[in-house]
Amino acid sequence: VAKPDPILKASGIKRRFGGLTAVNVDHLEVQRGTITALIGPNGAGKSTLFNLLSGFDQPDEGQWSFNDHQLRRLRGHQVARLGMVRTFQLTKALTRLSVLDNMLLAAPGQTGEGFLGAFWRPGWKAQEKANLAQAESLLERFKLIAKRDDMAGSLSGGQRKLLEMARALMVNPSLLMVDEPMAGVNPALVQSLLGHITALRDDGVSVVFVEHDMDVIMGISDWIVVLAQGQVIAEGRPADIRSNKQVVDAYLGA
Ligand code: ADP
Ligand code: MG
């Protein structure tokens, strides 16, 4: 569906794994300043689509643009520099670093550009100072500042999700893609995560997220896109999706 002010536009995106077409999206637009939920059964292609759009996987076919930048041949760190990022689960290596170092590693200039690239350029010291200030301010906002020197691996499931989101915000994105932010999060932290997502939207950051919990989806989404077998089978406002019997019966199990 065409949107009045799309921040992201994709067409003809295909990704095949052997004989399987995991993603086959004819057309998709994300309206600027909204929270868009991407939903669908396991294996529908949601994570693959995230990887493609954010430059961490390459499609077999397709074009997409972000703020009128063509992204087709860009790598993840280049896409991030333009202001579009996805969250990543903390890898085993990252769990052995402090919370603060996790933040600093996600800073601009550190993402896939190599050690020398991060140092041997004019102004790196000022940049490092700015990165530290931003990391600390995000850790305050996400209530992780008391944990700044703890190993990331010591965080609870919910705190890890908060750290994953805070890391992504180190590049000041205008579009944030979050894959299953509530997975493994205890109920006390779910509200806090939801609050952060709506606050980002209210600050002008567009958010696309993958989620299974219907209450969460209906509660915070401005728009819902339903993916099944790699294709967009329905999209609309929460009320429209909730009353779409075919979607509910087949994909939402409600
Ligand atoms: P979702 O996130 O909606 O659960 P995925 O995008 O992870 O779905 O997967 C979509 C389909 O693509 C699944 O059938 C999955 O097995 C397959 N798939 C995903 N990544 C790969 C890969 N690297 N190699 C082969 N098949 C893959
Ligand atoms: Mg997935």
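In this predicted model, strand β1 (residues 6-17) and strand β4 (residues 61-66) run antiparallel and are joined by five bridges. One position along this pairing is easy to pick out: K14 stands opposite E61 of β4. On to the next strand, β4 is also joined to β5 (residues 69-70), here by two bridges, and this pair again runs antiparallel. The bridge partners can be named residue by residue: F66 is matched with H69 in β5, and S65 with Q70 in β5. Two residues lie between the strands in the hairpin of β4 and β5, and N67 takes a positive phi near 50 degrees there.

Taken together, these pairings belong to an open sheet of four strands, ordered β2-β1-β4-β5 and paired in antiparallel fashion. The edges of this sheet are formed by β2 and β5, each of which pairs on one side only. Strands of a sheet pair in general through backbone hydrogen bonds, in either a parallel or an antiparallel arrangement.

The edge strand β2 leads conveniently to the ligand. Around ligand 1 are found F17, L20, A22, G40, N42, G43, A44, G45, K46, S47 and T48. Two elements, β2 (20-31) and α1 (46-53), give two or more residues each to this shell. Of the elements, α1 gives the most, with three residues. Sorted by class, the shell holds four nonpolar, six polar and one charged residues.

On a broader scale, the protein chain is divided into domain 1 (1-83 + 173-254) and domain 2 (90-172). Their C-alpha centres are 25 Å apart, and the contact takes 15 residues from domain 1 and 14 residues from domain 2. On the domain 1 side, the elements that give two or more residues to the contact are α2 (76-82), β7 and α8. The most comes from α2, which gives four residues to this side. The residues of domain 1 that touch domain 2 divide into eight nonpolar, five polar and two charged.

A helix worth a closer look is α7 (residues 157-168). This helix has 12 residues, and the distance from its first C-alpha to its last is 17 Å, close to the 16 Å expected at 1.5 Å a residue. It is also mostly covered, with nine of its 12 residues buried. Those buried in α7 are Q159, R160, K161, L162, L163, E164, M165, A166 and R167. The cover over the buried residues of α7 includes α4 (99-105), α6 (124-141), β7 (175-179) and α8 (187-202). Two of the elements in this cover, β7 and α8, also give residues to the side of domain 1 that touches domain 2.

Finally, a single residue rounds off the picture. I241 has its place in helix α10 (residues 238-242). I241 counts as buried because 24 other C-beta atoms lie within 10 Å, and the cut-off for that label is 20 or more. Beyond its neighbours within four places in sequence, I241 is in contact with I224, V226, A234, G236 and V247. By contrast, A106 is 135 residues away from I241 along the chain, and the C-alpha atoms of these two residues are separated by 36 Å.

How values were computed. Residues are numbered from 1 along each chain as its sequence is written. Chains are lettered from A and ligands numbered from 1 in the order in which they are written. This is a predicted model: local features need pLDDT of at least 70, side-chain atom pairs count only at pLDDT 80 or more; totals for chains, interfaces and linings use all residues. A residue is near a molecule or strand if its C-beta atom, placed from the backbone, lies within 6 Å of it. Ala, Val, Leu, Ile, Met, Phe, Trp, Tyr, Cys and Pro count as nonpolar, Asp, Glu, Lys and Arg as charged, and the others, Gly among them, as polar. Two strands pair if DSSP finds at least two bridges between them. The expected span of a helix is 1.5 Å times one less than its number of residues. Two residues are in contact if their C-beta atoms, placed from the backbone, lie within 7 Å. Domain bounds come from an automatic or database domain assignment.
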